[in-house]
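Let's learn to read a structure by talking it through. Have a look around before we start.

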Amino acid sequence: MNRVLTFGPIALMGTVSYSLYLWHEPLVILLDNRGLLPHGGGLGAFVWGLAVVVPLAIAVAWVSYQAIERPGLSLRGLVDRYGRSRNY
């Protein structure tokens, strides 16, 4: 099981999962408003929608993780577990 969870793409999805959760719906709405997602239902439209949204959402989530989450994680050492300053 450890080999599966440390496999590159699976580990990447774990790293950016929260950003992916936050960004996927705004991207779907934006792409739909711009007419870039197919309408009319059917398996072909669904697959095309996935082919457009999933890679774009993963890319945006990765950028968001690198630009926002990762720098924010370095700040957690400034306070104790109760949110009080550590007084360095």
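What follows is a short dialogue about reading this predicted model.

Q: Where do I begin? What are the elements of the chain, from the N terminus on?
A: Start by listing them in order. Here they run α-α-α-α, so to speak a list of four helices and zero strands.

Q: How do I tell whether the chain is spread out or compact?
A: Compare its radius of gyration with what the globule rule gives. For these 88 residues the rule gives 12 Å, but the chain comes to 18 Å, so it is more spread out than a compact globule. Along its principal axes, the C-alpha trace spans about 60 × 35 × 20 Å.

Q: How much of the chain is buried?
A: Buried residues, those under 20% relative accessible area, make up 15% of the 88. As for the accessible surface, about 7,000 Å² in total, 66% of it belongs to carbon and sulfur atoms.

Q: Which residues are buried in H4?
A: First, the general idea. An α-helix has 3.6 residues a turn, so residues three or four places apart point the same way. Now the case in hand: the buried residues of H4 are Ala45, Gly49, Val53, Ala57, Ala61, Ser64 and Tyr65.

Q: What do those buried residues pack against?
A: They pack against two helices, H2 (8-15) and H3 (17-33).

Q: Where is the kink in H4 centred?
A: Look for a change in the direction of the helix axis. H4 covers residues 42-73, and its kink of about 40 degrees is centred on tyrosine 65. Tyr65 is also one of the buried residues of H4.

Notes: Residues are numbered from 1 along each chain as its sequence is written. This is a predicted model: local features need pLDDT of at least 70, side-chain atom pairs count only at pLDDT 80 or more; totals for chains, interfaces and linings use all residues. Side-chain values use heavy atoms; hydrogens and water are left out. The radius of gyration is taken over C-alpha atoms; the globule rule is 2.2 Å times the number of residues to the power 0.38. Buried means under 20% relative accessible area, exposed over 50%, partly exposed in between (1.4 Å probe, protein chains only). Accessible areas come from the Shrake-Rupley method with a 1.4 Å probe; for residues, only the protein chains shown count as cover. The bend at a residue is the angle between axes fitted to the seven residues ending there and the seven starting there. Contact means heavy atoms within 4.5 Å.
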